[in-house]
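Hi,

Here is the structure I promised to pass on. Have a look at it first, and then read on for what turned up.

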Amino acid sequence: MPKDFELLERIGLTQYERQTFVALLKRGIADAATLCEEGAVPSSKIYSATEKLAKLGLITIQRSRPRQFAALSVEEAVAKISEIAREQADSVASQSQTLVDMIKAAQGENQPASAFAEVALGAQQHVQRHLSLLASASSEIISYMELPDIEAIRKSDSRGLNILKSVRKNLEACSIEHRIVFGFGPRDANELIKFLKQYRAELRSTTGVRYAGLLGHPFHVIDGETVILSLDNPFLADRRFGSVMMKSRVLAEPLSRGFEELWRKSMKSLQEVNFDPRLH
């Protein structure tokens, strides 16, 4: 898929949906068999792909026998894609600000005057602006991470920023404690194993790594004060759509207590997992 079509992924289209859309743009009008051939889309996926595209208003369907599909004009397609992207950005910004407001409200009068919150939108900003703070810790880091964290770290590394390497250098230079709990489900196990092998060198200086079931709310606490709360949505192409960073001991303390309980209950080795023979 050409780089020009990367925006299609960012608005939530799967690989086959993107290939179907591009193939139809080239043909203008086509039936399912033609789209399968032109777009290299399996016949079992073509109808779900076209239904999704039609629901988004990116194509139209003539429900004849056989069905015919029609593309928008280039100008209409670009305008529609831009509209979808803008609506998603507005939604993410609204969700993020709502979360910030809820956290501040929960802190109430206990919120220290120095506390503040910052929102990073997108997986790249999440790594560059918030995860990068892990590399400036002075005493301790605790991290609970899931598959979207793995995906964000890998993607950032592919773009030239190996955040785990920066964190490792700081850990070694300053003798900082860093404990990580990886939350994962059966579908995530294989990707977690690949990640652990790929970044074995970068993780060697952590104080400890353990494994647990999914909590659904990844976070980091740095030096008992700086909190990073990850924002994820399974329906977005980049599930990690951002994060909130707050400097607040009032918020950091209950998260740290929860982490200690999670750490105590978590598995010390993946060998303790018995639901997937690939892990043994």
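The chain has 11 helices and 10 strands, and please keep in mind that this is a predicted model. Of its 280 residues, 42% are buried. The accessible surface is about 14900 Å², and carbon and sulfur atoms account for 50% of that. If you take the contacts with a separation of 6 or more, 70% of them link residues 24 or more positions apart.

Now for the cores. The largest nonpolar core has 30 residues, and Phe-182 and Phe-195 are the ones that touch the most other members. At least two residues each come from α6 (123-130), β5, α7 (147-158), α8 (163-174), β6 (177-183) and α9. If you click on Phe-195 and skip residues up to four places away in sequence, you'll find it touching Ile-150, Ile-153, Arg-154, Leu-164, Phe-182 and Leu-203. There is also a second, separate core of 22 residues, with Leu-8, Val-41, Ile-59 and Ile-81 among them.

Staying with helix α9 (residues 189-198) for a moment, Glu-191 is found there as well. Is Glu-191 buried or exposed? Neither, as it happens: its relative accessibility is 27%, so it counts as partly exposed. Leaving out residues up to four places away in sequence, Glu-191 touches Leu-147 and Arg-154. The C-alpha atoms of Glu-191 and Leu-147 are 7.8 Å apart, although 44 residues separate the two along the chain.

Next, have a look at strand β8 (residues 219-222). Phe-219 and Val-221 point one way, His-220 and Ile-222 point the other way, and all of them are buried. β8 has partners in two strands that I checked. With strand β5 (residues 140-145) it runs antiparallel, joined by 4 bridges, and Ile-222 is the bridge partner of Ile-141 there. With strand β9 (residues 226-232) the pairing is also antiparallel, again over 4 bridges, and here His-220 stands opposite Ile-228. β8 and β9 make a hairpin with 3 residues between them, and Asp-223 in the turn has a positive phi of about 55°.

Helix α2 (residues 15-27) makes a nice check on the geometry. At 1.5 Å a residue, its 13 residues should span 18 Å, and the end C-alpha atoms are indeed 18 Å apart, so the two agree. Its buried residues are Glu-17, Arg-18, Gln-19, Thr-20, Phe-21, Val-22, Ala-23 and Leu-24. Just after this helix, Gly-28 takes a positive phi of about 90°.

Last, a few backbone oddities. Most residues other than glycine have a negative phi, and most peptide bonds are trans. Ala-40 goes against the first habit, with a positive phi near 55°. It lies in the loop between α3 (32-39) and α4 (43-55), and it is exposed, with a relative accessible area of 56%. Ser-175 isn't a glycine either, yet it has a positive phi of about 55°. You'll find Ser-175 in the loop between α8 and β6, and at 67% relative accessibility it counts as exposed. And which peptide bond is cis? The one from Arg-65 to Pro-66, with omega near -5°. Pro-66 sits in the loop between β2 (59-62) and β3 (68-71).

Cheers

Key. Residues numbered from 1 in each chain as written. Predicted model: local features only at pLDDT ≥ 70, side-chain atom pairs only at ≥ 80, totals over all residues. Heavy atoms only, no water. Expected span 1.5 Å × (residues − 1). Buried < 20%, exposed > 50% of the residue type's maximum accessible area, 1.4 Å probe, protein only. Contact = heavy atoms within 4.5 Å. Areas by Shrake-Rupley, 256 points an atom, 1.4 Å probe, with all protein chains shown as cover. Pairing = 2+ DSSP bridges. Core = buried A, V, L, I, M, F, W, Y, C linked by side-chain atoms within 4.5 Å.
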